[in-house]
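Got your viewer open? Let's take a short walk through this model, one selection at a time.

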Amino acid sequence: MDARSRVVATPLRRLIFTLVLFGLTCRLAEESGRCATYRTRNFVVQAESAAAARKIAEHAETCRSAIAIAWLEKELPPWKTPCPVRVKLTQGDAGGATSFGFGAKGVNDQEMTLEGRLDRILASALPHEITHTIFAEHLGKPMPRWADEGASLLSEDLLELKRHDKIVQDLLTRRGDYTLSKLFQVEEYPRDLMGFYGQGYSVSRFLVEIGGRPRFLAFIRDGMNKNWDESTRVHYGFSGVKELDRGWRAWHDVVVADPNHSKLQTSPLVVRFSPRRGDRIDDSQSDQDRSADEESTRVAARSDD
Ligand SMILES: [Zn+2]
């Protein structure tokens, strides 16, 4: 049974607008010979510059290999069909979206879009989106949102991780968080998208720090297919989700209270990208200038069964 696509409500209009605009831009550019395509084994990247298309395609392969090994302890076999990646280079921070069509045997088709400054795409948005593709391939159906987004954030660079540490701290201070029992059941992106990403990131990071990445995926698979309490007991030894909730909050308090601990533990990156001269298109934008609006583009357009 083919799945139908769905995207989060809030950024839907913006995402559609971006995709339509990009498609139009690229078609016009293609007609004038300014839209480049670069193919690797698993990706076909379309961008406005040949150098950027090549750089993104090659880094996508590196990410695919390293992220699969980190989470699955093995590489994925090549995809039958390369994943199309459409890139829109701008001077803003990076975001992306990946849509999947799921069938009875797993992923039927997938498509990725990336937008932003090249160095930020390479360091942050691309590894994030590639992580979604690894999870989709491994699980064969949509992953719970909190885990999909939260664990994909672990592939981003330190700038993004620190930003999300702050987001989750603010979330807990204003008591906007979910209990984990509720978080595990959330099927649609909620209105407070940044808080949701922040909590998903923090809970995923906690679970990865105490048990590693493969155990996290085993926990997710059993939780989504069977029962979250049982999966929590089997994989982490907590009596159930309520005790896991208390454990996560206690861990968070320690991480936040002890900056050295936070610094030590904030190293979950699996793919590091070192910008070189030429990757940075615009240096002039400060972190504060990058508005929270960027978050709205970092959504995975996913699928229902
Ligand atoms: Zn995402």
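Before you click anything, here is a word you'll need: a residue is buried if 20 or more other C-beta atoms lie within 10 Å of its own, exposed if 12 or fewer, and partly exposed in between, with C-beta atoms placed from the backbone. Helices (H or I, at least four residues) and strands (E, at least two) are DSSP runs, numbered from the N terminus. This is a predicted model, in which local features need pLDDT of at least 70 and side-chain atom pairs count only at pLDDT 80 or more, while totals for chains, interfaces and linings use all residues. Residues are numbered from 1 along each chain as its sequence is written.

**The whole chain.** Start with everything in cartoon view: the protein chain has eleven helices and seven strands. Of its 305 residues, 42% count as buried.

**Strand S5 and its partner.** Now select residues 95-103, which is strand S5. Seven of its nine residues are buried, so-called "mostly covered". Add residues 106-116, strand S6: S5 and S6 pair in the antiparallel sense over nine bridges (two strands pair if DSSP finds at least two bridges between them). Two residues lie between S5 and S6 in this hairpin. Show Phe100 as sticks, and you'll find Gln110 of S6 standing opposite.

**Helices H3 and H4.** Next, select residues 118-139 (H3) and 145-153 (H4). Their axes come within 8 Å and cross at roughly 130°; axes are lines fitted to C-alpha atoms, for helices over the stretch in contact, and angles run from 0 to 180 degrees between N-to-C directions. That angle makes H3 oblique to H4 (under 35 degrees counts as roughly parallel, over 145 as roughly antiparallel, 65 to 115 as roughly perpendicular and the rest as oblique). Which residues of H3 make the contact? Light up His128, Thr131, His132 and Phe135. On the H4 side, pick Asp148, Ala151, Ser152 and Leu153. Here, two residues are in contact if their C-beta atoms, placed from the backbone, lie within 7 Å.

**Helices H4 and H7.** Keep H4 on screen and add H7, residues 193-211. These axes come within 7 Å and cross at roughly 70°, which makes H4 roughly perpendicular to H7. Among the residues in this contact are Trp146 and Gly150 of H4, with Phe196, Tyr197 and Tyr201 of H7. Color them as your last stop.
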